[in-house]
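Visitor: I'd like to go through the pockets and then the salt bridges. Can you put the model up?

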Amino acid sequence: MNFKIDKTDGNARACTIKTAHSTIKTPIFMPVGTLGAVKSLDAIDLKEILDTKIILANTYHLYLRPTSKVVREFGGLHGFSKFDRSFLTDSGGFQAFSLSKISKPDENGIKFKSHIDGSTHYFTPKSVLDTQYDLGSDIMMILDDLVALPASFERVELSIKRTINWAKIASEYHKSNKQKGVGIDQNIFGIIQGGTDYNARKFCAEVLCEMEFDGLAIGGLSVGESNEEMYDTVEAVMPFIDKDRPRYLMGVGTPEDLVENVERGVDMFDCVMPTRNARNGTLFTSFGKVNIKAAAFIKDDNKIDPHCDCYTCSNFSRGYLNHLYKARELTFFRLASLHNLHYYLNLVKQMREAIMQGKFKEFKKEFYAKRGVL
């Protein structure tokens, strides 16, 4: 991976990340392709319509089905999905934590039961990398010990102890494998834990920055704390994260979350929000959210957002989308997802342009001035 800071504006950064499969201009939003596909879209939609440079796939789900060994036989995620640009795969730790009623972390990893058939599995710092080597992702997330918030001081302390220990194992294992010719074009990111505790976050960040990670992520947020607590935690930990590596805020979030955290120095984001909201009839616009199922749109011949030039807005009306949603026509999922993802990708593109021009403060002020005005 090659990483370069192109411009800064306050703490906001415009950077370039080059992997074996694509060049990524940050700030960047990564659409979530949990099962190797962004729901309702295919690789052609992602490349030719949205011009997506990187998407996220889920290690936990692909490990269970179709299994990473099957994906490897198809040439990894790139060959399997035909999306030949970059993939980031998470470690699967969050899903083991959240989807299994019986998941139990210990000093060596996470034991959990499959949500598919109830079979028992065990993730370790090494095993999740082995799975991701099979998947062939460009960026691999290491296993970390996630805690739901609020959490006790003792549980947060245990989380960072485990996370740091597992990070050391993963870093050394990846270095050893590359020497053997395994994962040469794959990169690993460490994950900073610590809840909303300043000292815990600072300590975890400083220790991980001493390790040979290609990038660093802030994990364990947007899991129960308030927005202000999240913003304050990101702002507090940022001075202790190496500026010469990509910074990734995991699982966040709303358009406002992206703007606030870019201002604080975050480069990369992912979240299911644009596609999940699309399927439920909520569409993002420059002036706020639109509930397309509302009766007010039945005869509305306007496009979703007068300032949007996405595929959906360029071709279809609010009235048509209202009809598709109410008829439960599957076409709605694709058109709504294309619109919402275009909105997110265009938002980060606009932020990058503002940073490059030294006008991020003006951009943020205008962004909020438009919110909620239909």
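What follows is a short talk about pockets first and charged pairs second.

Guide: Keep in mind that this is a predicted model.

Visitor: What volume does the largest pocket have?

Guide: The largest pocket comes to about 820 Å³. Its lining holds 34 residues, and those nearest its centre are Phe-94, Gln-95, Gly-251, Asp-270 and Val-272.

Visitor: Which element gives the most to that lining?

Guide: α11 does, with five residues. Both α5 (93–99) and α11 (273–279) supply at least two residues each.

Visitor: And how many of the lining residues of the largest pocket are nonpolar, polar or charged?

Guide: The lining of the largest pocket has 14 nonpolar, 14 polar and six charged residues.

Visitor: What about the second largest pocket, which residues lie nearest its centre?

Guide: Leu-50, Asp-51, Leu-345, Asn-346 and Lys-349, out of 19 lining residues. Two or more residues of this lining come from each of β3 (23–25) and α14 (331–356). The largest share is that of α14, with six residues. The volume of the second largest pocket is about 440 Å³, and its lining divides into eight nonpolar, five polar and six charged residues.

Visitor: Asp-51 forms a salt bridge too, right? Which residue is the partner?

Guide: The partner of Asp-51 is Lys-53, with the closest N and O atoms 3.1 Å apart. Asp-51 is partly exposed at 40% relative accessibility, and Lys-53 is partly exposed at 28%.

Visitor: How many salt bridges does the count come to?

Guide: The count comes to 24 salt bridges. Another one of them pairs Asp-145 with Arg-155, at 2.9 Å from N to O. Asp-145 sits in the loop between β10 (139–141) and α7 (153–179), while Arg-155 is in helix α7, 10 residues apart.

Visitor: Is Asp-145 buried or exposed?

Guide: Asp-145 counts as buried, because its relative accessibility is 2% and the cut-off for buried is under 20%. Arg-155, at 24%, counts as partly exposed.

Visitor: Where is Lys-364, and how far along the chain is Glu-260?

Guide: Lys-364 is in helix α15 (residues 360–370) and Glu-260 in helix α10 (residues 255–263), 104 residues apart. Their side chains meet in a salt bridge of 3.4 Å, N to O. Glu-260 is buried at 10% relative accessible area, and Lys-364 is buried at 18%.

Visitor: Which residues are in one network with that pair?

Guide: Shared partners join Glu-260 and Lys-364 with Glu-235, Glu-263 and Arg-264 into one network of salt bridges.

Technical notes: Residues are numbered from 1 along each chain as its sequence is written. This is a predicted model: local features need pLDDT of at least 70, side-chain atom pairs count only at pLDDT 80 or more; totals for chains, interfaces and linings use all residues. Side-chain values use heavy atoms; hydrogens and water are left out. On a 1 Å grid over the protein atoms alone, a cavity is a set of points where a 1.4 Å probe fits but cannot get out, and a pocket is an open set with protein on both sides within 12 Å along at least five of seven lines; lining residues have an atom within 4 Å of a point. Grid points are joined across faces, edges and corners, and a volume is the space filled by probe spheres set on the points. Helices (H or I, at least four residues) and strands (E, at least two) are DSSP runs, numbered from the N terminus. Ala, Val, Leu, Ile, Met, Phe, Trp, Tyr, Cys and Pro count as nonpolar, Asp, Glu, Lys and Arg as charged, and the others, Gly among them, as polar. A salt bridge is a side-chain nitrogen of Lys or Arg within 4 Å of a carboxyl oxygen of Asp or Glu. Buried means under 20% relative accessible area, exposed over 50%, partly exposed in between (1.4 Å probe, protein chains only).
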